[in-house]
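Let's take a friendly walk through this structure together. Have the model open beside you as you read.

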Amino acid sequence: MVATAAASSFFPITSSPDSIDSKNKKLGNGSTNLGGIKLKPSASSGSLQVKANAQAPPKINGTTVVMTPVEGFTSEDAASSLPPRTFINQLPDWSMLLAAITTIFLAAEKQWMMLDWKPRRPDMLIDPFGIGRIVQDGLVFRQNFSIRSYEIGADRTASIETLMNHLQETAINHCKSAGLLGDGFGATPGMCKKNLIWVVTRMQVVVDRYPTWGDVVQVDTWVSASGKNGMRRDWLVSNSKTGEILTRASSVWVMMNKLTRRLSKIPEEVRGEIEPHFMNSDPVVAEDNRKLVKLDDSTAQYVRKGLTPRWSDLDVNQHVNNVKYVGWILESTPLGIVESHELCSMTLEYRRECGRDSVLQSLTAVSGVGNLGNMGEIECQHLLQLEEGSEIVRGRTQWRPKNAKSFGKMDQVPAQSA
Amino acid sequence: MLKFPYCNVTDLNQALAQCRFVGLLGPLASRRRSPRAVVSCSPSSSEFSLTPVQAVMSCQQQVGSSLVNRLRLGGLTEDGFSYKEKFIIRGFEVGINKIATIETIANLLQEVGSNHAQSVGFSTDGFGTSPTMRKLHLIWVTARMHIEVYKYPAWRDVIEIETWCQNEGRIGTRRDWILNDVTTGEVIGRATSKWVMMNQDTRRMQKVSDDVKEEYLVFCPREPRLAFSEKNNKSLKRIAKLEDPVRYSKLGLKPRRADLDMNQHVNNVTYIGWVLESIPKEIIDTHELQAITLDYRRECQQYNVVDSLTGLELTEGSKMVSVGTNGSATATATTREDDHDCHRFLHLLRLSSDGREINRGRTEWRKKPTR
């Protein structure tokens with residue numbers, strides 16, 4: 001009974017066989033250059049609204065959900081046959097009154113039905129639970145997230161960790177949807193056979209605006225080649241309702257043998273598995289090639305020691321989840337900056353993993369104030385390392401004064417300083 | 001665009017009744033009776049002339065872009081006295097056991113509570129304060145939280161949580177929750193919490209007059225409805241203060257920026273994580289949390305440092321037995337004899353600096369089921 005209740009809440013979709021076929025692995029010809037286009041989700045998804053049923057019906061809680069069509073609305077032909085207007089018939093004609101009222105209500109009902117057929121946010125109804133689906137010629141994965149109250153940080157906006165969780169989630173879901181998940185996380189069957197895994201080496205995130213409680217964000221993600229033996233994964237996060245771009249991110253991945261921990265070339269068999277999923281696009285974030293310096297006790301102005309992972313920081317492999325590093329980096333950023341500024345850009349280089357028993361320290365140096373042509377912007381360098389010295393993450397962050405964006409102009413900045 | 005001058009369902013019902021052509025309105029009438037119809041007319045939706053009628057339709061159709069109608073698979077129930085919402089478990093909400101963590105569950109309970117408050121027109125700050133409360137500078141403070149989980153949802157599972165609130169004693173309110181698995185319909189968890197009003201300036205509990213209470217009680221069920229209705233259930237159990245010797249501890253816990261809520265206080269769910277910090281790996285690896293009860297005593301600020309202490313919960317009289325029987329004092333306490341796979345602990349969170357108690361709690365752990 002519960003299953004049908006859930007099913008009846010779904011928007012009825014007629015599946016069309018010529019719709020996007022996620023199993024159709026095209027070789028990236030005629031692909032979309034997402035880097036250059038400003039995505040308007042409402043426009044693109046409007047055209048998708050009928051073709052949406054591209055994948056197998058979603059499985060909820062391990063069972064397939066059945067879509068039931070809504071009963072068709074049949075217009076009743078109430079006013080079609082009226083008697084001729086003789087004297088007797090000119091008396092108040094209740095049947096005409098009946099017809100008039102019926103027409104009003106039927107028209108109202110039709111309007112409501114019309115609303116069913118022209119939803120304002122088709123994505124929501126096609127994917128009500130936000131599981132995500134493949135769009136755009138089978139190369140882009142799209143998932144929506146509703147910002148929940150507990151994801152709002154002390155700044156009253158979604159925290160950077162929340163945003164990065166969304167990116168990580170869509171990456172894994174993309175791999176799962178596209179059939180790229182072999183045994184492990186994002187390792188294809190060919191990779192599993194050779195003990196190869198993907199390892200993220202670099203991440204760049206640019207936040208134009210942080211979503212707040214109740215916003216729904218749409219995250220699009222896709223993969224491309226990075227050099228000869230790497231992979232790049234890009235994300236574009238937009239406000240589901242307005243289409244405004246909120247965040248752009250790009251990450252670089254290399255292949256590593258999980259036993260020897262050495263970098264590996266992509267074997268031909270694996271290349272055959274993954275290349276059909278690559279998109280030919282420019283990076284969504286302009287690559288910041290400046291070298292990330294290694295801080296030490298003398299160059300760092302702020303140090304926070306004794307950082308230890310909690311149980312909730314660990315992922316299924318009992319390693320510290322990548323996203324948690326960002327939180328630790330912020331731990332040593334001076335409170336003055338964190339409270340008056342918001343993180344607008346971040347570049348991270350991942351060096352090593354850590355687990356439950358690690359004890360870390362976070363170092364920060366403020367490397368630039370008011371440079372980059374933007375008044376009030378601050379730049380910091382970061383290092384997260386084990387207390388015994390091994391580097392975990394190097395980073396660089398840029399901060400802009402809070403509320404600078406809400407004035408609508410980049411160069412207009414409130415009078416208060418950091 | 002058709003305009004209906006009706007503001008709520010009852011007016012619409014009256015108008016339809018006056019037509020006396022009930023037969024033709026069959027399909028309309030049945031749609032009106034669909035579950036989860038929003039009863040109240042939300043003020044923010046006045047820009048849509050059809051919105052009162054939209055309000056009649058199932059919430060899940062999500063038409064209209066008013067603030068309340070986000071991607072929210074939830075709404076007030078038909079009688080308006082409780083609120084239900086569906087949630088999908090995401091990958092980052094899942095822990096080392098590949099199932100939702102207790103913090104995720106607690107976060108969802110908090111979320112659905114806020115959404116309930118918001119859907120009845122209370123504040124949008126996420127704290128569910130009524131307009132009068134805000135005028136009097138009153139805020140809700142959790143006094144006790146009790147959560148039982150019978151089956152943890154896994155990644156991509158969809159659960160539905162129903163919540164409602166009621167009066168509790170003279171100064172308190174309780175909020176109850178029931179968690180269901182959407183596909184099987186089975187109850188996977190229950191929770192209850194007790195709240196008191198505190199003056200946000202004096203930080204002291206405050207008794208309030210009935211008219212302040214009436215403002216929110218009007219949305220609560222008239223008859224007592226308890227998530228835990230059985231007598232002597234665990235949610236009512238008094239938690240003893242943890243005495244020495246303390247079995248396990250984790251000292252020097254500091255709030256991170258991510259632990260702070262919108263008002264810069266350490267949020268309630270962080271305390272759950274701190275309590276679990278002093279549970280040893282052997283238990284975490286083999287057992288899962290079955291029930292947790294927390295009594296909130298004192299607030300923790302962002303600059304405080306906290307110690308988390310854990311000890312075995314002694315059953316009544318066992319202390320005496322272990323000292324008396326063979327003349328020597330045995331250090332180990334016994335848990336219930338008939339349940340070797342169940343562990344019960346007492347917890348204490350206190351300020352490192354002066355030992356003042358922040359929270360006390362108790363947890364029950366059962367052996368992990370094979371999945």
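A good place to start is the surface shared by domain 1 and domain 2 of chain B, which buries about 2200 Å². Carbon and sulfur atoms give 48% of that buried area. Please keep in mind that this is a predicted model.

To find the two parts on your screen, colour chain B by domain: domain 1 covers 61-236, while domain 2 is made of 237-314 + 340-370. Their C-alpha centres lie 22 Å apart. The contact between them draws 29 residues from domain 1 of chain B and 27 residues from domain 2 of chain B.

Now for the polar side of this interface. Between domain 1 and domain 2 of chain B there are 3 salt bridges. If you would like a pair to zoom in on, try B:Glu299 and B:Arg203, whose side chains form a salt bridge with an N to O distance of 2.5 Å. Across the interface of these two domains, 14 residue pairs are in polar contact, with both residues at pLDDT 80 or more.

Which elements supply the side of domain 1 of chain B that touches domain 2 of chain B? Helix H4 (102-119), strand S3 (138-149) and strand S6 (187-199) of chain B each bring at least two residues to that side. S3(B) gives the most, with 8 residues. Sorted by class, this side of domain 1 of chain B holds 14 nonpolar, 8 polar and 7 charged residues.

Note on methods
Residues are numbered from 1 along each chain as its sequence is written. Chains are lettered from A and ligands numbered from 1 in the order in which they are written. This is a predicted model: local features need pLDDT of at least 70, side-chain atom pairs count only at pLDDT 80 or more; totals for chains, interfaces and linings use all residues. Side-chain values use heavy atoms; hydrogens and water are left out. Domain bounds come from an automatic or database domain assignment. Contact means heavy atoms within 4.5 Å. Buried area is the accessible area (1.4 Å probe) that two parts lose on being put together, summed over both. A salt bridge is a side-chain nitrogen of Lys or Arg within 4 Å of a carboxyl oxygen of Asp or Glu. A polar contact is a pair of N or O atoms within 3.5 Å; within protein, one must be able to donate a hydrogen and the other to accept it, and residues adjacent in sequence count only if both atoms are side-chain atoms. Helices (H or I, at least four residues) and strands (E, at least two) are DSSP runs, numbered from the N terminus. Ala, Val, Leu, Ile, Met, Phe, Trp, Tyr, Cys and Pro count as nonpolar, Asp, Glu, Lys and Arg as charged, and the others, Gly among them, as polar.
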